Amino acid sequence: MHNEILYLGLFSAFILLCILIFRPSNGWFWRLKKRLRLSDGVLSEDILKYFAQCSLEGQLGTLKGASGATGIAQNKSGKLIEKLIERRFITVQGSGFKLSQDGLAYGLRLIRAHRLYETYMYEKSGFREKDWHKLANEAEHDLTINKINDLEKQLNFPIHDPHGDPIPDYDGTIKTYENKLALCDMQTNDTGVIVHIEDEPGNIYSKLADMGLCPGLKIRILENDSLTVLIWAIGKQHLLTKMQAANVHVIKKQLDTKQMEGSTQTLADYPVGKIAQIQRISPRISDSERRRLMDLGFLPGTSIEKELVNASGDPIAFRIRGTLLALRRSQANLIFVKDKPL
Amino acid sequence: MKKDPAAPCPGCPVHNTDSLKRLGIQLDGFDYVVALAGNPNTGKSTVFNALTGLRQHTGNWPGKTVSRAEGAFSIKGNKYKVVDLPGTYSLLATSLDEEIARDFILFGKPDVTVVVADATRLERNLNLVLQVQEITSRVILACNLMDEASRHGLSIDIRSLARDLGIPVVKMTARKNEGTAELLDIIEKIAIGDLKSKPYKVKYTTPQIKNAIDTITEEIKQEFPDIPNPRWVAVRLLDGDRRIIEAVQRGDLGDISKGGMEDRAHQIKVIGNQ
């Protein structure tokens, strides 16, 4: 009798141990594997990438900055930077560091790999926005130059990644927006188009993504006070903290009310049995998906009727151009419609 | 002379099916290439089977034909290679099977392209027809699944459709082998050059776009005077189509639309020597 209980106890303890070690993402095994991967080479590349980003923004890179951005302790960062100086990738400049030609080329290559990989995930994969940055951070160290070029070709030479960051060419040239403003620096009643959303820190980016903000979206500032910024976008109000607003970059543009208003009703919540007219497809939909929808007949002015809804609300079947088509709720949520005029 | 009333008269399209020899996969020494394109699930493979006598797997779900299937038939002494392409919604490829279909229509130089459409979903199917028409004028629209259409109470005005599109349209129910004779007749006429269509071409009305297209079309006409569809190439360049851009840069753009004269001449010589 006691033996059975003992064995059961041991078995349970064994299972618990397995769970602790192998549980996805956080298990001890995976954490150890990750730490072993973080060799000096990988960490040095992270530092170079940080300095390259500083250079693109016209700022001088510092040790503290590098250490903070990459999460590497200052002592270790210092050692790695010294090695990078020896290899002539970095030079000392006043109170900070500057990249040499080679260093800049290397850094830009990493940035290119990172942004192309994010674009790849946006266009071709089902990963959610919150995961792109993390996955790209890992992938950028493994992509060879040829693989990067192939990826670019496969994606048809994108100019920006899904955050709006420009992608450096294979020879390192990069385009930047001259006159972009952070949301928190704009005045009340200014209007503009979002061109960039900062992908770090990750939790701020997640909140912005959840609000539905993305490059290409038209916005208007409603209020801008000391702690928050209230904007109008996608047909409703969004309240952002100053920190969140600082991570959204906009190009000011005169937009009349007609361009701003536009329909806010999406196919996801449209009533069954009523005929709707498609107004536009949200910029959040990736290029390939947008193309596919257009090929299937989703164009401005097309009539569409919701016919069937699954019990859970997802997927939803629509009658369009004589055929019955099913969309996921998340897709239907990005197609804007209005009541069809009689 | 007593005429057998059941025998088809020489001029009638039905006359063809008598001399149709289904050749299965005997693919050597063909004279003309016929491509079968269309939206997924429209009966392309059924048409393919009817023409070649093969038994391509057909069924009711989209995406069965994943790569190219090839077969042959001969009629009135001419041998035709038939290529059954995977279904696509458009030629702006977004998946691998769509790319295969698109590349064949563009670079594989078929002599005749048959677009098989579903009569019960005509509006959506016409997107591809119009795109194919922009590239080549040797197109036939096979309006298939007519039995399904009449079951749903749909009637299709084939004559007006043909007039508006500017290409020949054939009613078919491939499952019952109805319309095959007419289709063969038109395939032959187009292949040997007896029938020349003037397909309807999309008009671009926005001034900026129209100007851009006109300018580039002029330059293409100068660089590549032989290709029959410079305007289509101009539109593809403006759209950033990588394949076309590379073809223009390499200078072998002419290969896209020329009917592969060199290949055929070689084949005819081979047949002649046998």
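Here is a short chat about how chain A and chain B touch in this predicted model.

Modeller: Quick ground rules: residues count from 1 along each chain as written, chains are lettered from A in written order, and side-chain values use heavy atoms, leaving out hydrogens and water. As the model is predicted, local features need pLDDT of at least 70 and side-chain atom pairs 80 or more, while totals for chains, interfaces and linings use all residues.

Biologist: How many residues does each chain bring to the contact?

Modeller: Contact here means heavy atoms within 4.5 Å. By that rule, chain A gives twelve residues and chain B gives 16 residues.

Biologist: Which element gives the most to the side of chain A that touches chain B?

Modeller: Helices (H or I, at least four residues) and strands (E, at least two) are DSSP runs, numbered from the N terminus. Helix H12 (287-295) and strand E13 (323-327) of chain A are the elements giving two or more residues to that side. With four residues, the top giver is H12(A).

Biologist: How many salt bridges cross the interface of chain A and chain B?

Modeller: We look for a side-chain nitrogen of Lys or Arg within 4 Å of a carboxyl oxygen of Asp or Glu. Glu123(B) and Arg321(A) meet that way, at 2.7 Å from N to O. Across the interface, the rule finds two salt bridges.

Biologist: How many disulfides does the structure hold over all chains?

Modeller: A disulfide needs a pair of cysteine sulfur atoms within 2.5 Å. Over all chains, the number of disulfides is zero.
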